[in-house]
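Biologist: I would like a close look at a single part of this model. Please take one element and describe its surroundings.

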Amino acid sequence: MILGLASGNVYTFFEPKDHNKILELLQPLYSKYHLQALELTYSDVNDFDLPLTTENIAFLRQLKHVSVHFPFKIIIHNNEQINTLLKKAGQLCQQINAQFLIIHPEQIPSLDLIQKFQEKYHLNIVTEIENPKIFPLSEFDRFLKKSQIKFVFDTGHAEFHPPAEIKKFLETHQHLICEVHLNKVKNKKAHAQFFNQQLSFTFNHINILNVPMIIEELFEKENFSQLESEINFLQTQLE
Ligand SMILES: [Zn+2]
């Protein structure tokens, strides 16, 4: 099992946000827990403007699995803006040898544009299951059929759907899952921790999946040690 962390776990720690500092903070956990995957959570468009250091690029390139999350705090309707951002994302993916770029389905304005960038940057673009309020499962199913792209199964986002629907959806779409985002819903919000809580119904579906597992939760700076507890806990659960 390939387990790793999203930089988003700790992205509130540095103000302004600094992916170089985030990677330096996370690296000791990689050797201690033999983690092999990392997802760069680029939540804002400005995240692309800070170049990664040579050391951090080298660190990312030796991992088994690296992915990049496309900024999700914006909805882009302007082709020029998405072109610029996709170009930056494509260059970053090449630089760090990322396996794929994740773009939320509601942010993909045109499948032709996606196709163009996949070819130009030899880039693999994938999408992610969303909260039903943002992208209902029936619509997501149509989107996957039309786009022929793979998707990330986010255990938190999926928890907002009825359990029977998720079970059925996984039976028919399991072959399209390329990565799992591990997190839980707490107080009606996704990206909470599992540790010290009950596992979710969505968690029970992922043990059969042979794809990289990325912890994508939110930690507070003063409780950074909770991230270690969570890694320990999930490593035991996923054995
Ligand atoms: Zn996610």
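Which exposed residues does the face of α3 turned away from its buried side carry?

Modeller: This is a predicted model, and that face of α3 carries the exposed residues E80 and Q94. The helix itself runs over residues 79-96, 18 residues in total. From its first C-alpha to its last it reaches 26 Å, close to the 26 Å expected at 1.5 Å a residue. The buried residues of α3 are I82, L86, A89, G90, L92, C93 and I96. They lie on the same side of the helix, because the arc they cover around the axis is only 165°. Four elements pack against these buried residues of α3: the helices α2 (54-61) and α4 (111-120), and the strands β3 (65-69) and β4 (100-102). Thus E80 and Q94 sit on the face turned away from the buried side, while I82 and I96 are among the buried residues. After the helix comes N97, which has a positive phi, near 60°.

For another part of the chain, take L238, in the segment after α8 (225-237). L238 counts as partly exposed because it has 14 C-beta neighbours inside 10 Å, where 20 or more would make a residue buried and 12 or fewer exposed. Leaving aside residues up to four places away in sequence, L238 touches M1, L3, N207 and M213. Of these contacts, L3 is 235 residues away from L238 along the chain, and the C-alpha atoms of L3 and L238 are separated by 9.2 Å.

Key: Residues are numbered from 1 along each chain as its sequence is written. This is a predicted model: local features need pLDDT of at least 70, side-chain atom pairs count only at pLDDT 80 or more; totals for chains, interfaces and linings use all residues. Helices (H or I, at least four residues) and strands (E, at least two) are DSSP runs, numbered from the N terminus. The expected span of a helix is 1.5 Å times one less than its number of residues. The arc is that of the directions from the helix axis to the C-beta atoms. Two residues are in contact if their C-beta atoms, placed from the backbone, lie within 7 Å.
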